[in-house]
Amino acid sequence: MPSGGSFDDSEDDRLRREAMAWLTIRTNDGADPLSYLDIEDFRFADEGIILRNRYTGIWKPRQLEAALSITTTYSLPGSKPPYEDAIHSDGRIRYKWRQSKSEAKRRDDADLADNRALREAMRLKKPLIWFHGVGPGLYQAIFPVFLVAEEPELKQFVVATDGTQDIPVAPASVAEEALREYVERTTLARVHQPVFRSMVMRAYETRCAVCELKHGQLLDAAHIVPDSHANGIAAVTNGLALCKIHHSAFDARILGIDPDYTVHIRPDLLEEIDGPMLRYGLQERHGQKLMAVPKIRSERPDRRRLESSFERFLAG
Ligand SMILES: [Zn+2]
């Protein structure tokens, strides 16, 4: 049993297992975000070990050798994040080293305790929990994640959701390159999807932008322009909360949204006569403004992206 001292390997494993089992239940199998207070509900054993520390991005309880969790804070679109983005514009997922506040000390950053704790997690192949901010004080827990490589010159670790393979930082063969691409693609998908959805649902207060339907199970986080990841991960301004019907109509170019947030329905559908879904759900939305947009101005749909998607709608 844990006794206040350092954990041995099996105690360490048990903590991580219990933490992730608890998160599975509390997040509805990874679907729902948690507030920072929710996260503090978890306490491990007598020592009351917590899952993340409010004041630091890299969390290693004193009983462990390796980090237990990493946190990325949410920053509003257009504002400068407190730490460099963990997800790069090329779609690769990295976690930055902790950096010294003072410029002069930065060359010793590799040896900071937090960075050593990350390196230990990598060496021991320990599963970590990643709390990714999706709103102020709100986090999507992604677990398990593994640190599979370090890029010291860029002061960062490579994050993957599959810890079984070591991915080559500098691939030397076609097979290595393919492996690396595969790991990065699956990791991105598994991180991007829940983060994007939670961010969009939070910003739209779980309402369809077009009809204000409020049932989360019937809502999707839709991309305004297909996500090439060219603009970084999970940009809420490239998102719209849409009910299933309006999402499908939007993707099929039956419904368009212009840069002034006005809804348009394809002309031939306006002529049709059919049941209530066509009439109330589509025809009567024509010419109306979006019913729900984020309260925070900088989180509202990006007008340039709407313009480009609206052009495609007009082209049919
Ligand atoms: Zn709707």
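In the predicted model, Glu65 is located in the loop that connects β2 (58–59) with β3 (69–72). With a relative accessibility of 49%, Glu65 is classed as partly exposed. Apart from neighbours within four places in sequence, the contacts of Glu65 are with Lys60, Ala117 and Glu120. Glu65 and Ser6 are 59 residues apart along the chain, and 8.0 Å separate their C-alpha atoms.

The protein as a whole comprises eight helices and eleven strands. The C-alpha trace extends over about 75 × 45 × 40 Å along the principal axes. Of the 316 residues, 48% count as buried. Among contacts between residues at least 6 apart in sequence, 61% connect residues at least 24 apart.

Two domains are assigned, domain 1 spanning residues 9–202 and domain 2 spanning residues 204–315. The domain centres, taken over C-alpha atoms, are separated by 33 Å. To the contact between them, domain 1 contributes 16 residues and domain 2 contributes 25 residues. About 1700 Å² is buried between domain 1 and domain 2, and 67% of this area lies on carbon and sulfur atoms. On the side of domain 1, the residues that lose the most area to domain 2 are Phe196, Val200 and Met201, which together account for 35% of what that side buries.

A zinc ion is coordinated by the SG atoms of Cys208, Cys211 and Cys243 and by ND1 of His246, at 2.1 to 2.3 Å. The angles among the four donor atoms run from 95 to 118°, and the site is tetrahedral. Because all four-donor angles must lie between 85 and 135 degrees for this assignment, the range of 95 to 118° satisfies the criterion. Along the chain, the donors follow the spacing C-x2-C-x31-C-x2-H. Cys211 belongs to the loop between α4 (174–203) and β8, whereas His246 belongs to helix α5, so this pair ties together parts that are 35 residues apart in sequence. The two ligands also differ in exposure class: Cys211 is partly exposed, at a relative accessible area of 26%, while His246 is buried, at 2%.

Cys208 is likewise found in the loop between α4 and β8, and its relative accessibility of 0% places it among the buried residues. Beyond its neighbours within four places in sequence, Cys208 is in contact with Leu213, Leu219, Ala241, Leu242, Cys243, His246 and Ala292; two of these residues, Cys243 and His246, also coordinate the zinc ion. Cys208 and Leu290 are 82 residues apart in sequence, with a C-alpha to C-alpha distance of 8.9 Å.

Helix α5, formed by residues 244–251, has His246, His247, Ala249 and Phe250 as its buried residues. These residues cover an arc of only 165° around the axis and therefore lie on the same side of α5. The elements covering them include β8 (219–223), β9 (239–243), β10 (255–257), α7 (276–282) and α8 (303–315). His246 thus appears both among the buried residues of α5 and, through ND1, among the donors of the zinc ion. Just after α5, Arg253 adopts a positive phi of about 60°.

How values were computed: Residues numbered from 1 in each chain as written. Predicted model: local features only at pLDDT ≥ 70, side-chain atom pairs only at ≥ 80, totals over all residues. Heavy atoms only, no water. Buried < 20%, exposed > 50% of the residue type's maximum accessible area, 1.4 Å probe, protein only. Helix = DSSP H or I, 4+ residues; strand = E, 2+ residues; numbered from the N terminus. Arc of directions from axis to C-beta. Contact = heavy atoms within 4.5 Å. Donors = N, O, S within 2.8 Å, 3.2 Å for Na, K, Ca; no water. Tetrahedral: all angles 85-135°; square planar, octahedral: opposite > 155°, others 65-115°. Domains from an automatic or database assignment. Buried area = accessible area lost by both parts, 1.4 Å probe.
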